[in-house]
Amino acid sequence: MISKNIQVDELILGKNVIISDTAIIRGLNGKSKKVTIGDNTYIGDNVQIIIDELTIGDYGKIHHHTNFHGYKPLSIGHNCWIGQGTIIDSIGGTTIGNNCGIGAYSQLWSHIRYGDPLEGCNYESEKPLIVGNDVWFVGHCVVSPILAKDKSMALVGSVITYDMEENHIYGGTPAKDLTNKIKPQFKQISIDEKRKIISSFELPSTIKIIEDISEITSDEFSYFNISNRTYTKRGTDEEIFFMKQLQSKLIKFVPIL
């Protein structure tokens, strides 16, 4: 049964979606046009989603008192983790990639407006906010409408006003590139190291670990490609069990398109 707090013309819910009874999902002026929420996604208490078009991928976690709002579509990829009290604005349009972490009480903005235009205010604009894959805003971050490239990271309390380069790390107010001073978010690891990590997990009989797409030979298995972190999604109980094992150790795979 859908809560009365969910007012959507076209609501598409995946498997095992949990939405708190206190969460609100609606449009700016009445019902949302379309909301799509992927498999095994959780939306917590007192979350407010006030937007006309929203897409959230599989295995997302939207923690309590989060607020999404805006005029333009908001798209969030697979395996997102959005901490409590976070604000995500989509007045200028916001796209967030796969495997992204947005720490508690962060603010992501796609517009600036308040001052009176009748008095000639110079500051009223909107611009898309684009966040790539594996981006991490650690917490209490304020993010302007920028481009955050894949694997970029902002430390706690950062105020981001410029684009973030791939696998660079930023910190401060305003944030500066600290990549030459401290480690970036990711380092390269070998396939052998990846196999060693995966081998520590309980592997159901219907799960196969592969290194190349050419190894996919049957519809009877869920194949997990450790070279690019993709998998052949079948939605079986064994697959979900395995995915949750992986995610308990922060390992993230996305479906092959």
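By the ring-pairing rule used here (centres of Phe, Tyr or six-membered Trp rings within 6.5 Å; planes under 30 degrees apart are stacked, over 60 edge-to-face, the rest tilted), the count comes to four aromatic pairs. This is a predicted model, so local features need pLDDT of at least 70 and side-chain atom pairs count only at pLDDT 80 or more, while totals for chains, interfaces and linings use all residues. Residues are numbered from 1 along each chain as its sequence is written, and side-chain values use heavy atoms, with hydrogens and water left out.

**Aromatic pairs**

- F224 and F242 make an edge-to-face pair, with 4.9 Å from centre to centre and 90 degrees between the planes.
- That pair links distant parts of the chain: F224 belongs to strand β27 (residues 222-225) and F242 to helix α2 (residues 237-248), 18 residues apart. Helices (H or I, at least four residues) and strands (E, at least two) are DSSP runs, numbered from the N terminus.
- Are F224 and F242 buried or exposed? Both are buried, where buried means under 20% relative accessible area, exposed over 50% and partly exposed in between, using a 1.4 Å probe and protein chains only.
- F224 also pairs with F253, again edge-to-face, at 5.1 Å centre to centre and 75 degrees between the planes.
- Since F224 sits in strand β27 and F253 in the loop between α2 and β29 (254-255), this pair ties together parts that are 29 residues apart in sequence.
- F253 is buried, just as F224 is.
- Put the ring pairs together and you get a cluster of F224, Y231, F242 and F253.

**Charges over rings**

- K208 has its charged end over the ring of F221, 4.7 Å from the centre. To count, NZ of Lys or CZ of Arg must be within 6 Å of the ring centre and within 35 degrees of the ring normal.
- K151 does something similar with F186, lying over its face at 5.4 Å from the ring centre.

**A look at T206**

- You'll find T206 in the loop between α1 (191-198) and β26 (207-210).
- T206 is buried, with a relative accessible area of 18%.
- What does T206 touch, leaving aside its neighbours within four places in sequence? It is in contact (heavy atoms within 4.5 Å) with E220, F221, S222, R234 and E238.

**Salt bridges**

- Searching the whole structure turns up seven salt bridges, each being a side-chain nitrogen of Lys or Arg within 4 Å of a carboxyl oxygen of Asp or Glu.
- One of them joins K233 to D39, whose closest N and O atoms are 2.9 Å apart.
- Here K233 comes from the loop between β28 (230-231) and α2, and D39 from the loop between β4 (32-37) and β5 (42-43), 194 residues apart.
- K233 is partly exposed at 36% relative accessible area, whereas D39 counts as buried at 14%.
- R113 and E124 meet through their side chains in another salt bridge, 3.2 Å from N to O.
- R113 is in strand β16 (residues 111-113) and E124 in strand β17 (residues 124-126), eleven residues apart.
- Both ends are partly exposed: R113 has a relative accessible area of 45%, and E124 has 46%.
- D134 and R229 form a salt bridge too, with the closest N and O atoms 2.7 Å apart.
- D134 lies in the loop between β18 (129-131) and β19 (136-137) and R229 in the loop between β27 and β28, so the pair ties together parts that are 95 residues apart in sequence.
- D134 is buried, at 7% relative accessible area, while R229 is partly exposed, at 28%.
- Shared partners join D39, D58 and K233 into one salt-bridge network.

**Nonpolar cores**

- Which residues touch the most other members of the largest nonpolar core? Of its 37 residues, I43, F68 and F137 do. A nonpolar core is a set of buried Ala, Val, Leu, Ile, Met, Phe, Trp, Tyr and Cys residues joined through side-chain atoms within 4.5 Å.
- At least two residues of this core come from each of β4, β6 (48-51), β7 (53-56), β10 (74-76) and β18.
- Another core lies apart from it, with 14 residues, among them F201, I207, I209 and F224.

**The sheet**

- Seven strands make an open sheet with parallel pairing, in the order β3-β6-β9-β12-β15-β20-β23. Two strands pair if DSSP finds at least two bridges between them.
- β3 (24-26) and β23 (159-160) are the edge strands, each pairing on one side only.
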